[in-house]
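Colleague: Please take a close look at the open and closed spaces in this model. I would like the pockets, the cavity and the packing beside them in one account.

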Amino acid sequence: MFTQKQRTLFSEYGYLVVPAFETLDTCQIMLEELQHALDEDHLNYPNAFDLGMVHNCFLRGKTMCDHLSSQKLRDATDNLFCKNAIIYAYQSSSLRPGHGNYGSRIHVDSPRYIPNYKTNLGYILALDPFNEVSGGTWISPGSHKSERIPDQVEFEKNAIQIMCNRGDAIFFDARLVHRAGENHSAHWRHAITINFCRPFMRSRFDFPKMIGQVPWVDDLGGSARTYLGFDVRMPASLDEFYLPESERLYLSNQE
Ligand SMILES: O=C(O)CCC(=O)C(=O)O
């Protein structure tokens, strides 16, 4: 799926922009679902520290959930990360006009640094164009190779701002030092953000339990089920442990 050059750039600089990863029509529907979720969250959690970042987007819109069935997405996580990756967190990152958000601080998306081993992979799907006005993501290329998080002066010396179109995807090593930009435009800047982790790790929420709440649970494709951790659930009884192979909660060969 990726050329040797793309793989080399990814491993050298810690990120890769993939143009036209999702169609504009699908992005438009996701954007409408997301705006609805943001409006709801604003009413229900007006003082949240991470305002503008919707959690568990697969529960908040069918199209945002269907995105997890994308074969392209599975191919990308297989190729850039590991087989059978699961989701640690499926969020959004929206910048309202005149603002940044919680993601605008200098940070990495994985607290663990293990040399030459990725525990998490970041993914941003731009639902609006990213540029200097709308607040494209700032990254420090190559910073994933170090355990040290630079201070603001050092970060700004090395950082570049990612410019991309609606529908483009940014994949990055979760140790890449980055931050959301500030939105200087008169319109929101929306993005979907997913943090993938290895299948033996834990997700931030119990997704298989939560997904039962939504009407589209029966339409989940195989890849979406795997991403949401259905293949690595823990048996809660001996009866569940001894289930036949086809019904097992924790499949074998999860990396
Ligand atoms: O919105 C962005 O540009 C980046 C978001 C971010 O840094 C994050 O979600 O960790």
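Modeller: What follows starts with the pockets, then turns to the cavity, the cores and one strand.

This is a predicted model; local features need pLDDT of at least 70, side-chain atom pairs count only at pLDDT 80 or more, and totals for chains, interfaces and linings use all residues. Residues are numbered from 1 along each chain as its sequence is written, and side-chain values use heavy atoms, with hydrogens and water left out.

The largest pocket holds about 640 Å³ of space. (A pocket is an open set of points on a 1 Å grid over the protein atoms alone, where a 1.4 Å probe fits, with protein on both sides within 12 Å along at least five of seven lines; a cavity is a set that the probe cannot get out of; lining residues have an atom within 4 Å of a point. Volume is the space filled by probe spheres set on the points, which are joined across faces, edges and corners.) The lining has 34 residues, and Q91, H107, D109, N195 and R204 are the closest to the pocket's centre. Strands β2 (86-92), β3 (120-126), β7 (178-179) and β8 (191-197) each give at least two lining residues. Strands here are DSSP E runs of at least two residues, and helices are H or I runs of at least four, numbered from the N terminus. By class, the lining has 14 nonpolar, 12 polar and eight charged residues. (Ala, Val, Leu, Ile, Met, Phe, Trp, Tyr, Cys and Pro count as nonpolar, Asp, Glu, Lys and Arg as charged, the others, Gly among them, as polar.)

The second largest pocket has about 480 Å³. D41, A48, L51, G52 and M53 lie nearest its centre, among 22 lining residues.

There is one cavity of 30 Å³ or more. Its volume is about 40 Å³. Its lining includes R112, Y113, D173 and R175. Four lining residues are charged, three polar and three nonpolar.

Now the packing. In the largest nonpolar core, of 45 residues, L68, Y90 and F171 touch the most other members. (Such a core joins buried Ala, Val, Leu, Ile, Met, Phe, Trp, Tyr and Cys through side-chain atoms within 4.5 Å; buried means under 20% relative accessible area with a 1.4 Å probe, protein chains only.) Helix α2 (residues 24-44) gives the most to this core, six residues. A second, separate core has 10 residues, including F130 and I170.

Last, strand β1 (residues 15-18). L16 and V18 point to one face and are buried, while Y15 and V17 point to the other and are not.

Methods:
Buried means under 20% relative accessible area, exposed over 50%, partly exposed in between (1.4 Å probe, protein chains only).
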